[in-house]
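Me: I should like to go through this structure and ask how its descriptive labels are justified. Please set each value against its cut-off.

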Amino acid sequence: MITRKAYAKINLGLDVTGKREDGYHIVRMIMQNVDIYDTLTFEKNDSGMIKLTANKDTIPTDEHNLIYKVCDLLMKKYDIKDGVDVHLEKRIPVAAGMAGGSTDGAAAFYGMKELFDLPITKEEMCELAVKLGADIPYCIMGGTMLSEGIGEVLTALSDMPDCYILVGKPAIDVSTGWVYTELDSKEIESHPDIDGMCDAIKACDLKGICDRLSNVLEPVTKGKYEVIGKIEALMEDNGAIRSIMTGSGPTVFGIYDDEDKLKASYEAVKESGLCPELFMSKPVNPKD
């Protein structure tokens, strides 16, 4: 049996600089893994089929799931005759702007590579992965990354400085497609200082990072769901240096320089009832 952890991500910075003719948006993002993760297990079977199970019945276990798609792609590419049993223990919030599906897909690449001893590199995985989802290449590489293009042009950055991160998802789901459609209908008023964020990360300057936290999608989602602003204010009132929405939302995270502040903020947000899904975490740089 092969076991893989699939780590969630947050966006320290998210900018949209254009749109391609095929509909994909051109982005500049700073991505960071946090130690909130799903667990995938892989075993060979003799049926020649992909059998995917999950701990939550709301998760598709057929060809609509990225795990299934990755397994199918690799089985065809390498002419694998054995089947595979995959079980997903889902902990990352769904429809949360944390790349939960994409990171599971990335873990499937690694799980299949190890299970069947496939001669595939990280770079080759990324080339295949971008056809399935723009966030999967980042999830394959992991850590602290500048992501450009449609998400497939990746530049490794220094590790984020040690800190504590509170992650909370309110009881709403947000359509990424809707957020980007709304964004396209408006002019972006303020673009994140992505280059300055890269410099702050290189300098291991936590305050500099927090000063530059910015997400051009936040005004869209926050404008419709006022709970996002309430969660941010609650985190900052209870010790967060800064708090911001990740991805297309609705998940919010706060960054703390002290564990006691993190715990106090966790209790305050938990007591508020605004975030049914709430996690105390840290930045991580997953290694193979």
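Me: Why is Ala-99 called buried?

Reply: In this predicted model, Ala-99 has a relative accessible area of 11%. Buried means under 20%, so Ala-99 is buried. The residue is found in the loop between S4 and H2.

Me: What is notable about the phi of Ala-99?

Reply: Phi of Ala-99 is near 60°, a positive value in a residue other than glycine. Most residues other than glycine have a negative phi. Ala-95, also in the loop between strand S4 (83-89) and H2, has a positive phi of about 50° although it is not a glycine.

Me: Is Ala-95 called buried, partly exposed or exposed, and what makes it so?

Reply: The relative accessibility of Ala-95 is 35%. Buried requires a value under 20% and exposed a value over 50%, so Ala-95 counts as partly exposed.

Me: Where does Ala-99 lie with respect to the largest pocket?

Reply: Ala-99 is among the residues nearest the centre of the largest pocket, together with Gly-101, Ser-102, Asp-135 and Thr-176. The lining comprises 44 residues, and the space in the pocket is about 1000 Å³. H2 gives the most to this lining, with 5 residues. Strand S1 (2-19), strand S2 (25-45), helix H1 (66-77), helix H2 (100-116) and helix H5 (176-184) each supply at least two.

Me: How do the lining residues of the largest pocket divide by character?

Reply: They divide into 22 nonpolar, 17 polar and 5 charged residues.

Me: Why is Lys-169 called buried?

Reply: Lys-169, in strand S7 (residues 164-169), has a relative accessible area of 4%. The limit for buried is under 20%, so Lys-169 meets it.

Me: What makes the pairing of Lys-169 and Asp-173 a polar contact?

Reply: Their side chains are joined at 2.8 Å. A polar contact requires N or O atoms within 3.5 Å, one able to donate a hydrogen and the other to accept it, and this pair is such a contact. The side chain of Lys-169 also reaches the backbone oxygen of Ile-172 at 2.9 Å. Beyond four places in sequence, Lys-169 touches several residues, including Ala-95, Pro-250, Leu-274 and Cys-275.

Me: What kind of peptide bond leads from Gly-249 to Pro-250?

Reply: That bond is cis, with omega near 5°. Most peptide bonds are trans. Pro-250 lies in the loop between S9 and strand S10 (252-256).

Me: Is Leu-274 buried, partly exposed or exposed, and why?

Reply: Leu-274 has a relative accessible area of 23%. Buried means under 20% and exposed over 50%, so Leu-274 is partly exposed. The residue lies in the loop between helix H10 (259-272) and strand S11 (277-281). Leaving out residues up to four places away in sequence, Leu-274 touches Lys-169, Pro-170 and Ala-171, among others.

Me: How do you know that Cys-275 is in no disulfide?

Reply: The sulfur of Cys-275 is 18 Å from the closest cysteine sulfur, in Cys-210. A disulfide requires sulfur atoms within 2.5 Å, so this separation is too far for a bond. Cys-275 is buried, at a relative accessible area of 6%.

Me: How many disulfides does the structure hold, and where does this leave Cys-210?

Reply: The structure holds 0 disulfides. Cys-210 is in none; the nearest cysteine sulfur, that of Cys-163, is 7.1 Å away, against a limit of 2.5 Å. Cys-210 counts as buried at 0% relative accessibility.

Me: Why is Ser-243 called buried while Ser-185 is called exposed?

Reply: Ser-243 has a relative accessible area of 5%, and buried means under 20%, so Ser-243 is buried. Ser-185 stands at 55%, and exposed means over 50%, so Ser-185 counts as exposed. Ser-243 lies in strand S9 (residues 242-245), whereas Ser-185 lies in the loop between H5 and helix H6 (194-202).

Me: Which backbone oxygens lie by the side chains of these two serines?

Reply: For Ser-243, the backbone oxygen of Phe-253 lies 3.1 Å from a polar atom of the side chain. For Ser-185, the side chain reaches the backbone oxygen of Glu-182 at 2.6 Å.

Technical notes. Residues are numbered from 1 along each chain as its sequence is written. This is a predicted model: local features need pLDDT of at least 70, side-chain atom pairs count only at pLDDT 80 or more; totals for chains, interfaces and linings use all residues. Side-chain values use heavy atoms; hydrogens and water are left out. Helices (H or I, at least four residues) and strands (E, at least two) are DSSP runs, numbered from the N terminus. Buried means under 20% relative accessible area, exposed over 50%, partly exposed in between (1.4 Å probe, protein chains only). Contact means heavy atoms within 4.5 Å. On a 1 Å grid over the protein atoms alone, a cavity is a set of points where a 1.4 Å probe fits but cannot get out, and a pocket is an open set with protein on both sides within 12 Å along at least five of seven lines; lining residues have an atom within 4 Å of a point. Grid points are joined across faces, edges and corners, and a volume is the space filled by probe spheres set on the points. Ala, Val, Leu, Ile, Met, Phe, Trp, Tyr, Cys and Pro count as nonpolar, Asp, Glu, Lys and Arg as charged, and the others, Gly among them, as polar.
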